[in-house]
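Me: I'd like to go through this model with you, helices and chain pairs alike. Could you take it step by step?

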4 protein chains.
Amino acid sequence: MLDALKREVCEANRQLQRLGLVTLTWGNTSGVDRGRGLMVIKPSGVPYEDLQPAQMVVLDLAGNVVEGDLRPSVDSPTHACLYAHFPHLGGITHTHSRYATAFAQARCEVPSLGTTHADQFCGPVPVTRQLSEAEVAEDYEGWTGRVIVERFRGLDSLATPAVLVAGHAPFAWGRSPAESVHTALALETICQMAVLSWRINPQTPELEAYLCRKHYLRKHGPEASYGQKLDV
Amino acid sequence: MLDALKREVCEANRQLQRLGLVTLTWGNTSGVDRGRGLMVIKPSGVPYEDLQPAQMVVLDLAGNVVEGDLRPSVDSPTHACLYAHFPHLGGITHTHSRYATAFAQARCEVPSLGTTHADQFCGPVPVTRQLSEAEVAEDYEGWTGRVIVERFRGLDSLATPAVLVAGHAPFAWGRSPAESVHTALALETICQMAVLSWRINPQTPELEAYLCRKHYLRKHGPEASYGQKLDV
Amino acid sequence: MLDALKREVCEANRQLQRLGLVTLTWGNTSGVDRGRGLMVIKPSGVPYEDLQPAQMVVLDLAGNVVEGDLRPSVDSPTHACLYAHFPHLGGITHTHSRYATAFAQARCEVPSLGTTHADQFCGPVPVTRQLSEAEVAEDYEGWTGRVIVERFRGLDSLATPAVLVAGHAPFAWGRSPAESVHTALALETICQMAVLSWRINPQTPELEAYLCRKHYLRKHGPEASYGQKLDV
Amino acid sequence: MLDALKREVCEANRQLQRLGLVTLTWGNTSGVDRGRGLMVIKPSGVPYEDLQPAQMVVLDLAGNVVEGDLRPSVDSPTHACLYAHFPHLGGITHTHSRYATAFAQARCEVPSLGTTHADQFCGPVPVTRQLSEAEVAEDYEGWTGRVIVERFRGLDSLATPAVLVAGHAPFAWGRSPAESVHTALALETICQMAVLSWRINPQTPELEAYLCRKHYLRKHGPEASYGQKLDV
């Protein structure tokens, strides 16, 4: 079942490691089949270099395992919650990449300081509120998804395709598993650039709104001029 | 047409990735044929590892595509503007390399703090003014080239072979595509060294002018003693 | 003698280098056979890429060489002391990895600033007191072990599987040589993340105690849900 | 002539690049034959990956080329001066490695903050005074050597096997070309650790003198216990 999606998700997880976004087994990518309402995710704690498509685990969007011999990632309920609430998401990547995780720990949003940021994110990358003790006790991974959904009230999840979970780490997404990996890499990069810019000039200004919009639309709007027309 | 230049430009773009100067597809190198008044540039959004010489796009220096099946880099009008105004340029490289981009975001020029800088740049690496909303709306990529040209009034473009576009990222150049890649790498390196020097000693002085001149001329003047005589 | 353990220890030492945790020959991993009361450790000053299982040195837990043609790591008395006092340790790794060593030099414990830390360490990573001149003169490497043991009075060595020796560098451990290498890598990573978080927000708070506990138990308690049930 | 030394010097230069100590062609290693009073050095501006032993250049210790088709490194007079004044040196390495160069630009010596430093350097790594305009005009590379010699009055060149040239970059040395590369790598590493320690704790203390001495002698004194007895 879902063989093509399993191959895609498996390859996206292996790519996480090649891009230096994960340490040990700290990270996972999933993909969704919207027609069947099923998601495919990495098995928990399995090293990336050994991953095989047949090891991927299939779940429904309530977080129940539908197929697979191995336990799914412990973060599966968070992925399921995001797919259920954000209908345009095709893939989600969770990492503990170093700069983005440092922002999550610092509980600071990532402001748009340049066009590298604007090429990918139409505005700051937000940070969630912290979870209460009761939420952690009741359903930790599910509530992690719910505070993300709560934080995105009034935000467009495709124009801001990532979030920092306070005290934890980033979740990034896209229209496919591979695109969610690209978003995670872009996020890590702009986090590093923001830290460096502040070190060079603590008064680094936010990018002018008109330039922010221009760059975002150049890559993502209906009139996008970036890339090849065959790209989707 | 321009087969040798296409191979040279293709190889320079692949080298960008091997040197760690680009993330995803954020960067491009071009070259120019001065006799024909044509430039060759990377196609937009194509991964570096897949690039083939035949995919390179040929444009005139007004920015019109003359040959090629793929769309050229969105930054092509900036490259064309620089070739049109700076007659000694043979190659141009644009990256979003991390330290140089951080300086561009911080809108700070890179001062000459040591001989590593002076070996490549005879003075600070300048930063442009910001673009106005009207300029962005009218012809963003063309105006990016024009503010660079404006910033270089009174500067020698060969003695200062790079610039930081405010809020955006660096452009670097040289007598050939390969040399522009070397300049981009040197720029990234001296940006990192400047950040580190300030962290060690916030009062780090600028390099003595006589030492700056000595190092620059040792590598670049008519009496250059660096390298082999066969090198051009 | 102890051929399987020698292979395991040899491989763990080679892994240290592949993971970027060691420079030159600055680091060593050991393993213990609790039944025989013997430990196996890297020979001193031998490059990682040349290591062979037969070169590993066998010592008793008083630090006497029992088998081996080469001199053992100079840090062997420290390893022996830790095995003698902490009965659950199966492997120990000592490195001079950059961020963890910087914390040891700064003589600061590593606070728990996020779930990446909590996944591995149930509380701050402690730092020892400095050694006195008399202790250094009498038995430097043995006393290095004893000040670690002294620092762990009242701490659970499995819930806090690493320590920073003041002015020196980290020691990390686990149930096996390979696990001690993983702990050393996790420690290096959380040290880097802590430095970055402080740079972004000097007021970065410690992780909520209830979230700290949740993450630690998710990976390590009897009800651990992370990883596969076959994992040990 | 000097074929074995040429191979050794060639290999040491290639190692510089593999260890990440050099960017472009910014760095060179030399070796000396004390019996003949001749040194062997890298040719200027030749990429490391193409280097062949037969390309190495032979000079006398006054800096005159004795053999070789290519121009020697522009830094040859500095190397020659150091060999002439420090009789125990067998190899010298000059790099523009990032952290050590940042210290040289900041014109700060590198204090001994931990045992990683003490394992290699018995005290701080010193920085030279700046060169005067007259010295730069007269004989720049020769005077670079002379200010190093001046700075080492009262210092033991083997116990402190590196120096930072103010505004320029480090020179490191050892009993052989390969050992000088190791010293250059150790220097780069301790410079990074010092920057990080200061960031974690601006009051990071210097290592206790008795521990400094202990670590240095453990590796280098007549009673050295580190490494194998066959090592020289």
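**Helix contacts and chain copies**

Reply: In α3(A), the residues A:Arg98, A:Tyr99, A:Ala100 and A:Phe103 meet A:Leu187, A:Glu188, A:Cys191, A:Gln192, A:Ala194, A:Val195 and A:Trp198 of α6(A), where contact means heavy atoms within 4.5 Å. Helices (H or I, at least four residues) are DSSP runs, numbered from the N terminus. This is a predicted model, in which local features need pLDDT of at least 70, side-chain atom pairs count only at pLDDT 80 or more, and totals for chains, interfaces and linings use all residues. Residues are numbered from 1 along each chain as its sequence is written, chains are lettered from A and ligands numbered from 1 in the order in which they are written, and side-chain values use heavy atoms, with hydrogens and water left out.

Me: How does the contact of α3(A) with α6(A) divide into nonpolar, polar and charged residues?
Reply: It has eight nonpolar, one polar and two charged residues, counting Ala, Val, Leu, Ile, Met, Phe, Trp, Tyr, Cys and Pro as nonpolar, Asp, Glu, Lys and Arg as charged, and the others, Gly among them, as polar.

Me: And at what angle do the axes of those two helices cross?
Reply: Helix α3 (residues 98–106) of chain A and helix α6 (residues 177–200) of chain A cross at roughly 65°, and their axes come within 7 Å; the axes are lines fitted to C-alpha atoms over the stretch in contact, and angles run from 0 to 180 degrees between N-to-C directions. That makes α3(A) roughly perpendicular to α6(A), a term that covers 65 to 115 degrees.

Me: Is α3(A) passing α6(A) in a left-handed or a right-handed crossing?
Reply: The crossing is left-handed, which means that the near helix is turned anticlockwise from the far one by less than a right angle, whereas clockwise would be right-handed.

Me: Switching to chain D, how do α2 and α5 pack?
Reply: Helix α2 (residues 76–85) and helix α5 (residues 133–151) of chain D pack at an angle of about 35°, with axes 7 Å apart, and α2(D) passes α5(D) in a right-handed crossing. On the α2(D) side the contact is made by D:Pro77, D:Thr78, D:Cys81, D:Leu82 and D:His85, while α5(D) contributes residues including D:Glu141, D:Arg146 and D:Ile148. By class, this contact has five nonpolar, five polar and two charged residues.

Me: OK, chain pairs now. What turn lays chain C on chain D?
Reply: A turn of 90° with a shift of 0.0 Å along the axis does so, at an RMSD of 0.0 Å, the copies being superposed by least squares on the C-alpha atoms of residues with pLDDT of at least 70 in both. That is the relation of a four-fold axis. In chain C, the C-alpha nearest the axis belongs to C:Arg199, 6.1 Å from it. The copies use different surfaces, since 3% of the contact residues of chain C recur in chain D.

Me: How many residues are in contact between chain C and chain D?
Reply: There are 35 residues of chain C in contact with 35 residues of chain D. The area buried between them is about 3,200 Å², of which carbon and sulfur atoms give 55%; buried area is the accessible area (1.4 Å probe) that two parts lose on being put together, summed over both.

Me: Which residues of chain C lose the most area to chain D?
Reply: C:Trp26, C:Arg71 and C:Gln105 do, together giving 22% of what that side buries.

Conventions: Angles under 35 degrees count as roughly parallel, over 145 as roughly antiparallel, 65 to 115 as roughly perpendicular and the rest as oblique.
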